[in-house]
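Subject: Model handover

Hi,

Here is the structure I promised to pass on. Could you have a look at it alongside the notes below?

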Amino acid sequence: MELLGKGDGTFAPRTRIGGGWNVYTQLAGAGDVNDDGRADLVAYGSGGTYLYPGTGSWQVPFGKPTPTGLLVNETGSFIDVT
């Protein structure tokens with residue numbers, strides 16, 4: 001869930017940003033991975049590592065996931081294997 005600030009110190013009602021996140025063991029807000037000026041999300045699970053691109057929209061904050069060349073090593077850190 002995401003809470004949006006209203007600019008007066010209070011928050012708008014919760015906004016669902018998707019479902020099914022339990023298939024991932026790690027989620028990381030990774031900054032602007034795809035260089036489009038918006039913050040992105042990287043998700044890692046047994047099926048691989050995926051980039052959820054930020055959309056800039058509060059109604060649909062992330063786009064469809066795409067596989068990445070990132071993996072998680074045994075210490076839990078992301079490494080680039082491309």
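What follows is a short tour of the confidence, the sheet, one residue in it, the aromatic rings and a loop.

First, the ground rules. This is a predicted model, so local features need pLDDT of at least 70 and side-chain atom pairs count only at pLDDT 80 or more, while totals for chains, interfaces and linings use all residues. Residues are numbered from 1 along each chain as its sequence is written, and side-chain values use heavy atoms, with hydrogens and water left out.

On confidence: pLDDT is the predictor's confidence in each residue, from 0 to 100. The protein chain has a mean of 82, and 82% of its residues reach 70 or more. Strand β4 comes out highest, at a mean of 92, and strand β6 (residues 78-80) lowest, at 62. Where pLDDT is low, the predicted coordinates should not be read in detail.

Now the sheet. Strands here are DSSP runs of E with at least two residues, numbered from the N terminus, and two of them pair if DSSP finds at least two bridges between them. There is an open sheet of 4 strands in the order β1-β2-β3-β4, with antiparallel pairing. Its edge strands are β1 (24-31) and β4, each of which pairs on one side only. β2 (residues 40-45) and β3 (residues 48-52) are joined by 5 antiparallel bridges, and they make a hairpin with 2 residues between them. Leu 41 has Tyr 52 as its bridge partner in β3, and Ala 43 has Tyr 50. On to β4 (residues 66-67): β3 pairs with it over 2 bridges, again in the antiparallel sense, and there Tyr 50 is matched with Pro 67.

How much of β3 is buried? The answer is 4 of its 5 residues, where buried means under 20% relative accessible area, exposed over 50%, and partly exposed in between (1.4 Å probe, protein chains only).

Ala 43, in β2, is worth a click. Its relative accessible area is 0%, so it counts as buried. With contact meaning heavy atoms within 4.5 Å, and neighbours within four places in sequence left aside, Ala 43 touches Tyr 24, Gln 26, Leu 27, Gly 48, Thr 49, Tyr 50 and Tyr 52. Trp 21 is 22 residues away from Ala 43 along the chain, with 8.5 Å between their C-alpha atoms.

Next, the rings. Rings of Phe, Tyr and Trp (its six-membered ring) pair if their centres lie within 6.5 Å; planes under 30 degrees apart count as stacked, over 60 as edge-to-face and the rest as tilted. That rule gives 4 aromatic pairs. One of them is Trp 21 with Tyr 24, a tilted pair at 6.3 Å centre to centre and 45 degrees between the planes. Trp 21 is partly exposed at 21% relative accessible area, whereas Tyr 24, at 15%, is buried. Both belong to one aromatic cluster with Tyr 50 and Tyr 52.

Finally, a backbone oddment for you: Asp 35 has a positive phi, near 60 degrees, although the residue is not a glycine. Asp 35 sits in the loop between β1 and β2 and is exposed, with a relative accessible area of 68%.

Cheers
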